Amino acid sequence: MAVSSGFAKTLSGAKMETFLSLNSSSYCTSSVSFVLPQDMRVSCKPSRNNFRRRASLNHKGGGVRCEVSTASNDVALAAEIDPARVSSLSALEQLKTSAVDRYTKERASIVVIGLSIHTAPVEMREKLAIPEAEWPRAIGELCGLNHIEEAAVLSTCNRMEIYVVALSQHRGVKEVTEWMSKTSGIPVSEICEHRFLLYNNDATQHLFEVSAGLDSLVLGEGQILAQVKQVVKVGQGVVGFGRNISGLFKHAITVGKRVRTETNIAAGAVSVSSAAVELALMKLPESSHGSARMLVIGAGKMGKLVIKHLVAKGCTKMVVVNRTEDRVAAIREELKDVEIIHKPFSDMLTCAAEADVVFTSTSSETPLLLRDNVTDLPPVGSEVGGSRLFVDISVPRNVGSCVSDLENVRVYNVDDLKEVVAANKEDRLRKAMEAQAIINEESKQFEAWRDSLETVPTIKKLRAYAERIRVAELEKCLSKMGDDISKKTRRAVDDLSRGIVNKLLHGPMQHLRCDGSDSRTLSETLENMHALNRMFSLETEVAVLEQKIRAKQNQK
């Protein structure tokens, strides 16, 4: 950062301290430069940002023109400032005004801040995992942040992703990352090292790929679509699961269904549960597949799928440890030709001692099996390879990492399932290309829907503008008519004014709507919006985003 000597004298003492503080804070997120009347120049450039912006104040024609441009949307915003006031404004005040003006006029962005099996180890993901019951609380806390308007949480064994509508991209990402650090205890720097950030269309496309099973460990895996549906189900009625985010997730469900129907990508694909079974069988001698003693800890959705896949591979007897017998009885009723023995959690170690392969899939937030528990277990026979297998598909993990240090024990978690994902790879890749074409088409449709929402503020502002004029002129008319006019006459005059306004607004309003009911394109609708904003000076009102940010700050 460079400041001229004359400017340094102007910003001496406390002012300079404040100025330096300002430039080291969130205001110094974009390149800002000013040319003041005294030919003084201040510049501040960001060390890292996803987009660049430039603001300049140029003394020209007796006024000052403030221009803002972005790499993604070259927009010039002009504001005339009284020249007489310019000299009385300090450079610091001008910098603050420009910075606030710049980011409050950004369009709200859909952002995903995520960590997945592709970017972060299971040790980190399990600390960040948010149980489904806590999703509404998380949404509330996220929407309580200054620059977050809407939010959703997608937390599974393979990913932890937070989707938000951010009033400012940079500030929104910063606030969410700090929130993730606070809730998980992981330093911000470590989260930043493993996270991925996607904005707007890229974020949309990512969720559609997730819902279609293209981003899963196993291509075409179907369980993730049910998890996306659960996000919508849990979010219903939750303040903060708003129109943009709910619309995004509902559209993602449509995409997931369409991809599976039109490409049949799920055919031959395996879920995490079936991959776990495949992995266990890969590690066992083939001769022991029918005789190995199987133990499944947990009879929830994942556990039930493990049991079904074991049966599909020829297993006819297994022990299931679960807190209650109800779920096990239901599974036993469904798989009548299989011997399924239920045991309570108090017998877990006894059952583990009698098993060759142990699958764990519970929602416990702390490990169920630690080194001390496993050390005393008797060894398994050579017919199963001489090592007891623990296949842990839970996040957080049910088997402590220290267990893998023991001899004659092999521990596998969800990150190890990559070994079994090779089956039918070529066929699934071809189907994935077909799915991508569908996703691209659906992404454009969603973006068009979201773009059409841009006209809503203009519709509201135009109606409010017309209503202010109507009320003012109505009051003038009634005052001229005197105090002795009847209520009937007042009502008739009021109805007359409303009717005139509604008829005059009908045409403009029709040209601002983009619901697919006519042949008008989205670009034409947005052109109409910009024209009306210019004609009626609607853009000179306080920015919508600025109103939202101020309202949030006033609530604190």
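Which residue of β7 does Leu154 stand opposite? In this predicted model, Leu154 faces Glu161 in β7. The pair belongs to one of the two sheets described below, and the account begins with the protein as a whole.

The protein consists of 556 residues, of which 49% count as buried. Its secondary structure comprises 21 helices and 14 strands. Among contacts with a separation of 6 or more, 68% are between residues 24 or more positions apart.

Strands β6, β7, β5 and β8 form an open sheet, in the order β6-β7-β5-β8, with antiparallel pairing. At the edges are β6 and β8, each of which pairs on one side only. From one strand to the next, the twist averages 15°. In general, the strands of a sheet pair through backbone hydrogen bonds, and the pairing may be parallel or antiparallel.

Strand β6 spans residues 148-155, and seven of its eight residues are buried. A hairpin of three residues connects β6 to β7. The two strands run antiparallel and are joined by seven bridges. Besides the pair of Leu154 and Glu161, Glu150 has Val165 of β7 as its bridge partner. Helix α6, made up of residues 135-143, lies across both β6 and β7 and runs at about 150° to β6.

On its other pairing, β7 (residues 159-166) is joined to β5 by eight bridges, again in the antiparallel sense. Val111 of this pair of strands stands opposite Val164 in β7. Strand β5 also pairs with β8 (residues 196-199), over four antiparallel bridges. Here Gly114 has Phe196 of β8 as its bridge partner.

Is strand β5 enclosed by the rest of the structure or exposed? All eight residues of β5 (residues 109-116) are buried, so the strand is largely enclosed by the rest of the structure. In a regular strand, side chains alternate between the two faces of the sheet. In β5, Ser109, Val111, Ile113 and Leu115 point one way, while Ile110, Val112, Gly114 and Ser116 point the other way. The residues of both sets are buried.

Asn200 lies in the loop between β8 and α9 (201-212). Its phi is near 50°, which is a positive value in a residue other than glycine. Asn200 has a relative accessibility of 22% and therefore counts as partly exposed.

The other sheet has six strands. This open sheet follows the order β11-β10-β9-β12-β13-β14, and its pairing is parallel. Its edge strands, β11 (339-343) and β14 (409-413), each pair on one side only. With direction ignored, neighbouring strands of the sheet are turned by 20° against each other on average. Helix α14 (residues 326-334) lies across β10 (317-321) and β11, and runs at about 175° to β11. Strand β12 (residues 357-360) runs parallel to β13, and four bridges join the two. Within this pairing, Val358 stands opposite Phe390 in β13.

Arg388 is located in strand β13, which covers residues 388-392. This residue is buried but has no salt bridge. The nearest side chain of opposite charge belongs to Asp356, at 5.9 Å, whereas a salt bridge requires a distance within 4 Å. The side chain of Arg388 does reach the backbone oxygen of Pro378, at 2.9 Å. When neighbours within four places in sequence are left aside, the contacts of Arg388 include Ala352, Ala353, Ala355 and Asp356. Leu377, Pro378 and Val380 are also among the contacts of Arg388, as are Asn408, Val409 and Arg410.

Two residues of the loop between β13 and β14 have notable backbone geometry recorded here: Pro396 and Asn408. The peptide bond from Val395 to Pro396 is cis, with omega near 0°. At Asn408, phi is near 60°, a positive value in a residue other than glycine. Asn408 counts as partly exposed because its relative accessibility is 46%. Asn408 is also one of the residues in contact with the buried Arg388.

Note on methods
Residues numbered from 1 in each chain as written. Predicted model: local features only at pLDDT ≥ 70, side-chain atom pairs only at ≥ 80, totals over all residues. Heavy atoms only, no water. Buried < 20%, exposed > 50% of the residue type's maximum accessible area, 1.4 Å probe, protein only. Lys, Arg positive; Asp, Glu negative; His and termini not counted. Polar contact = N/O pair within 3.5 Å; in protein donor to acceptor, adjacent residues only side chain to side chain. Contact = heavy atoms within 4.5 Å. Pairing = 2+ DSSP bridges. Axes fitted to C-alpha atoms, helices over the stretch in contact; angles between N-to-C directions.
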